[in-house]
Amino acid sequence: MIEIKPHIQHKYNCPSSGMALQPEKILWQGMHICVEFKSNDSGSEIIDVLRVGHSYNNSLQIDLAKKEVVSDNSYAGEWLGKPLLNSLQNPRNEKLEITKEIFNSCQRVIILNCIDFLYGHSLLKLLNAQRHLESNPDCGLVVIVPKFLRWMVPDGVAEVWTVPISLKNGRDYYPSFSEFVEEEMKRFEQVYVSEAYSHPSQFDITRFTRVPKHNFEGEEIQITFIWREDRLFINSLLFRVLRKLNLLSIGLAVQNWQVRRLFEGIRSRVPPAKFAVAGLGTKTQFPEWIEDCRVEMFNEKIEQEICQIYADSRLVIGLHGSNMLLPSGHAGMTMDLIDERWGNFAQDMIYQEKNPKMAAFRYRFLPYQTKTDTLAFIAAVMILTFDEFKSFMTADVVN
């Protein structure tokens with residue numbers, strides 16, 4: 001945790017003179033939490049980003065006078081730094097209507113900021129809440145969330161500040177948001193900022209969704225494909241061509257055909273299985289033997305209902321991405337199909353398994369180019385041999 005009140009625990013040296021600069025104030029940019037420094041020698045106004053969220057492993061500074069981005073990681077400079085500089089140069093002046101809920105009045109608090117421009121990033125930041133609730137009971141937890149995540153805030157937090165910033169605008173700078181947080185901080189004697197780790201490990205997803213995980217003792221075997229319409233289960237070259245020609249409807253038809261072929265392959269090997277498709281987007285149709293649970297838009301009620309569909313699934317299958325986080329966190333097993341994003345391996349998984357051999361069995365990562373029949377064979381083996389595999393690998397624990 002980083003203390004920012006009564007003292008900002010953050011130091012920075014002037015890049016020109018090397019002298020230590022005194023922090024002026026905290027700037028709540030939105031996605032980023034920054035410290036403002038001013039150098040009397042060079043006249044520079046430096047914005048130094050606190051090491052939280054995806055900035056945890058990267059130093060990132062903005063020199064507003066020179067309009068420069070400085071980082072120890074060129075990729076972070078491009079991906080995080082340039083959008084931050086642009087946002088500070090082009091603030092959005094509309095006043096945000098922020099909802100404040102107070103459940104427990106505290107003088108010492110930790111602020112967990114979950115604003116981001118990617119759904120998975122926001123969700124993963126929120127999962128840090130459980131660690132603070134369990135490890136820092138002497139501090140109240142204040143959670144800042146975009147509207148779409150309010151339903152997942154766990155019980156026990158001191159306050160929730162719900163901010164109407166969409167994912168599309170998640171990298172923008174809203175001075176009214178910064179002013180709101182500055183004003184609210186006056187109520188507290190001591191304030192810390194959560195590191196909001198981008199991949200926390202200390203949490204139970206059911207505390208957030210209030211939906212139980214898969215019950216392997218249940219007799220019904222359901223396999224669910226996680227549908228999306230902006231990243232398709234088709235040849236990547238074909239996808240790029242169709243997108244460029246504005247013919248994605250053809251790609252969606254091919255994806256539908258691929259899913260049906262996959263399910264038919266599993267069905268021939270596991271006759272009692274039931275099948276479902278869930279996710280965002282309702283284009284194309286499926287035969288009656290495949291339950292269609294897709295939606296055009298998510299809201300709190302729908303998301304919770306879909307989490308139950310995931311929990312009912314012995315196996316979920318889908319393309320790598322944030323769309324796999326909640327399914328993997330609730331389903332019995334997961335098959336993650338990866339295109340070129342092997343550098344982001346396992347970042348879209350919420351592991352429920354601590355035994356390494358069982359985890360390797362329950363969470364499979366395969367190239368999306370794998371033949372449909374091969375995927376069906378692997379899926380069937382996962383389903384049919386799970387009990388036997390578990391009995392072998394955990395015999396010393398059970399007995």
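The second largest pocket of this predicted model has a volume of about 370 Å³. Sixteen is a fair number of names to learn, so start at the middle. Of the 16 lining residues, the closest to the pocket's centre are Pro 200, Ser 201, Phe 203, Ile 350 and Tyr 351. What classes make up the lining? Eight of the lining residues are nonpolar, four are polar and four are charged.Now turn to the salt bridges. The count comes to 22. A pair counts when a side-chain nitrogen of Lys or Arg lies within 4 Å of a carboxyl oxygen of Asp or Glu.

Take Arg 150 and Glu 101. They form a salt bridge, and their closest N and O atoms are 2.7 Å apart. Where do the two residues sit? Arg 150 lies in the loop between strand 11 (140-146) and strand 12 (159-163). Glu 101 belongs to strand 9, which covers residues 99-102. The two are 49 residues apart in sequence, so the salt bridge ties together separate parts of the chain. Are these partners buried or exposed? Arg 150 has a relative accessibility of 23%, so it counts as partly exposed. Glu 101 has a relative accessible area of 24% and is partly exposed too. Buried would mean under 20%.

Next come Lys 274 and Glu 220. Their side chains meet in a salt bridge, at 3.0 Å from N to O. This pair also links distant parts of the chain, 54 residues apart. Lys 274 is in strand 15, residues 274-280. Glu 220 is in the loop between helix 5 (206-209) and strand 14 (222-227). How accessible is each partner? Lys 274 is partly exposed, at 46% relative accessibility. Glu 220 is partly exposed as well, with a relative accessible area of 40%. Exposed would mean over 50%.

A third pair is Asp 204 and Lys 213. Their side chains meet in a salt bridge at 3.7 Å, N to O. Asp 204 is partly exposed, with 25% relative accessibility. Lys 213 has a relative accessible area of 33%, so it is partly exposed.

Salt bridges can also join up. Which residues are linked in a network of salt bridges? They are Lys 100, Glu 159, Glu 184 and Arg 187. Find these four in the structure, then go back to the Arg 150 and Glu 101 pair.

Notes. Residues are numbered from 1 along each chain as its sequence is written. This is a predicted model: local features need pLDDT of at least 70, side-chain atom pairs count only at pLDDT 80 or more; totals for chains, interfaces and linings use all residues. Side-chain values use heavy atoms; hydrogens and water are left out. On a 1 Å grid over the protein atoms alone, a cavity is a set of points where a 1.4 Å probe fits but cannot get out, and a pocket is an open set with protein on both sides within 12 Å along at least five of seven lines; lining residues have an atom within 4 Å of a point. Grid points are joined across faces, edges and corners, and a volume is the space filled by probe spheres set on the points. Ala, Val, Leu, Ile, Met, Phe, Trp, Tyr, Cys and Pro count as nonpolar, Asp, Glu, Lys and Arg as charged, and the others, Gly among them, as polar. Helices (H or I, at least four residues) and strands (E, at least two) are DSSP runs, numbered from the N terminus. Buried means under 20% relative accessible area, exposed over 50%, partly exposed in between (1.4 Å probe, protein chains only).
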